[in-house]
Amino acid sequence: MDDLLSELSELEHLGWRSLCDGTGHDVYGELMTAEARMVLANGVVMSRDDVVASLAHAPPWSDYTIDAPTATTIADDVACLVYTGTGHRDSGDDFTAIMTTVYVRHGSAWKLAHYQQTSAP
């Protein structure tokens, strides 16, 4: 299970780093399956194409934290990572939520199939 946690955590870090350096549209375009959905804390549901288009114009985060990640195997080729994530902006507009990402294995690579944000208390 430690290998799974490490592998999925690295993918989350890859995504967050891309949101900080402005390459999120490229990274998530590659990482997400064609059918993937993101459900944001504000209730918006986005397809992969919606995510890519949105991130092409999104202001970058200045930094982020991933706290208390846990990984769960759902099936042989399906796993889930849950953690508290916080995005920081220089303006002080931080965003914290419980993040849940479901990954499916495609060949030797994990692909993001579903992502959901739940407002943190």
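The exercises below work through strand pairing, a pocket, a nonpolar core and one helix residue.

The model is predicted, so that local features need pLDDT of at least 70 and side-chain atom pairs count only at pLDDT 80 or more, while totals for chains, interfaces and linings use all residues. Residues are numbered from 1 along each chain as its sequence is written, and side-chain values use heavy atoms, with hydrogens and water left out.

**Exercise 1.** Describe how strand β4 pairs with β3 and with β5.

*Solution.* Begin with the terms: strands are DSSP runs of E with at least two residues, helices are runs of H or I with at least four, both numbered from the N terminus, and two strands pair if DSSP finds at least two bridges between them. Strand β3 (residues 63–75) meets β4 (residues 78–88) in the antiparallel sense over 10 bridges, and a hairpin of two residues joins β3 to β4. Within this pairing, Asp-63 has His-88 of β4 as its bridge partner. Turning to β5 (residues 95–106), 10 bridges join this strand to β4, again antiparallel, and Gly-87 stands opposite Phe-95 in β5. The hairpin of β4 and β5 has six residues between the strands, and there Gly-92 takes a positive phi near 90°.

**Exercise 2.** Determine which residues lie nearest the centre of the largest pocket, and which helix gives the most to its lining.

*Solution.* On a 1 Å grid over the protein atoms alone, a pocket is an open set of points where a 1.4 Å probe fits, with protein on both sides within 12 Å along at least five of seven lines, and lining residues have an atom within 4 Å of a point. The lining holds 28 residues, of which Leu-19, Leu-40, Leu-55, Trp-61 and Gln-117 lie nearest the centre. Helix α1 gives the most to this lining, with four residues.

**Exercise 3.** Identify the best-connected residues of the largest nonpolar core, and follow the contacts of Tyr-28.

*Solution.* A nonpolar core is a set of buried Ala, Val, Leu, Ile, Met, Phe, Trp, Tyr and Cys residues joined through side-chain atoms within 4.5 Å. The largest has 26 residues, and those with the most contacts inside it are Leu-8, Trp-16, Tyr-28 and Leu-112. The largest share of this core, five residues, comes from α1. Leaving aside neighbours within four places in sequence, Tyr-28 is in contact (heavy atoms within 4.5 Å) with residues including Trp-16, Leu-19, Leu-55 and Leu-112.

**Exercise 4.** Decide whether Ser-9 is buried or exposed.

*Solution.* Ser-9 lies in helix α1. Buried means under 20% relative accessible area, exposed over 50% and partly exposed in between, with a 1.4 Å probe and protein chains only. Ser-9 has a relative accessible area of 11% and is therefore buried. Beyond its neighbours within four places in sequence, Ser-9 is in contact with Pro-69 and Leu-81.
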